[in-house]
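Here's a quick walk through the aromatic pairs, the cysteines and the nonpolar core. Have the structure open while you read.

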Amino acid sequence: MANDAADRTPVFDWEQARHTVADDVQGIVVGTFVAALGLYLLKASGAVTGGTAGLALLLDQATDWPFWLIFILVNLPFAVLAFWKRGARFTILTAVCIGGVAGLSVLDGVLLPVHDLNPVYGVFAGNLLAGVGLLILFRHGASVGGVNIIALLLQERTGFRAGWTQMTLDVVVIVCALLVLPWYIVLLSAAGAVVMSLVLAMNHREGRYIGR
């Protein structure tokens, strides 16, 4: 019986489980596409979310600047800062993903025009897609920037937990949205931001994924 149980226990060769270049390429392409689609639905809903993505959406609502440019300007500095935290590979891939999301935001607007999108559907579907897209990118060593880099650096220097920093900055973005958006859209945005956070928190855990 013990031998049968041992036979059923999965044993992984970590070198075989390591991502190939092809794995990373398709993962980054798919993750960028899905994240961009999620942000496009949020933009079409007139909503925001947490983090730098939410800040970019908020500035898009408050200014006449194109979303693709705002997204790059908001996120690229964090990607550069990541060089000291995660190294050159992560920084380069993140910069590529930021550019990809910016470009796809323009393409989505041309190829997928959205009119009269139900805001409840748009916000929750947008946050789910954005969360899944980010999860894919994280698993392939990339991101689309974000305040998580600042949160990690602050934790190292002061001991203040990165999760609390991230949550505080998310709340700041949502509260600032009250200056631009109707209160019910802000509440909906807050609920959507929680959905995205849950997608990442429940799926991006050490030991839950063997690919490297």
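## Trp183 and its neighbour

Trp183 sits out in the open in this predicted model: its relative accessible area is 59%, which makes it exposed. That follows from the cut-off, because exposed means over 50%. Tyr184 lands just on the other side of that line, being partly exposed at 49% relative accessible area.

How many aromatic pairs turn up when the whole structure is searched? The count is 2. One of them joins Phe67 and Phe71, whose ring centres lie 5.8 Å apart with the planes at 40 degrees, so this pair is tilted. The rings of Trp183 and Tyr184 make a pair too: their centres are 6.0 Å apart and their planes stand at 90 degrees, so call this one edge-to-face.

## The phenylalanines of helix 5

Phe67 and Phe71 both belong to helix 5, which covers residues 67-86. They are separated by about one helical turn, because they are 4 residues apart in that helix. Are these two buried or exposed? Phe67 and Phe71 are both buried.

## Into the core

Phe71 also shows up in the largest nonpolar core, a set of 35 residues. Along with Leu39, Val48 and Val144, Phe71 is listed among the residues with the most contacts inside that core. Helix 5 is one of the elements that supply at least two core residues each, and the others are helix 3 (21-45), helix 4 (51-62), helix 6 (88-111), helix 7 (119-139) and helix 10 (183-203). As a rule of thumb, nonpolar side chains in soluble globular proteins tend to be buried together.

Val144 is worth a click. Which residues does Val144 touch, once neighbours within four places in sequence are set aside? The contacts are Phe71, Asn75, Thr94, Cys97, Ile98, Val101, Leu134 and Leu137.

## Two cysteines, no bridges

Cys97, one of those Val144 contacts, is buried, with a relative accessibility of 1%. Cys176 is partly exposed instead, at 33% relative accessible area, and is found in helix 9 (residues 162-176). If you're hunting for disulfides, a search of the whole structure gives 0.

Cys176 also gives a handy distance to check on screen. From Cys176 to Val186 is 10 residues along the sequence, and their C-alpha atoms are 9.3 Å apart in space.

How values were computed. Residues are numbered from 1 along each chain as its sequence is written. This is a predicted model: local features need pLDDT of at least 70, side-chain atom pairs count only at pLDDT 80 or more; totals for chains, interfaces and linings use all residues. Side-chain values use heavy atoms; hydrogens and water are left out. Rings of Phe, Tyr and Trp (its six-membered ring) pair if their centres lie within 6.5 Å; planes under 30 degrees apart count as stacked, over 60 as edge-to-face and the rest as tilted. Buried means under 20% relative accessible area, exposed over 50%, partly exposed in between (1.4 Å probe, protein chains only). A nonpolar core is a set of buried Ala, Val, Leu, Ile, Met, Phe, Trp, Tyr and Cys residues joined through side-chain atoms within 4.5 Å. Contact means heavy atoms within 4.5 Å. A disulfide is a pair of cysteine sulfur atoms within 2.5 Å.
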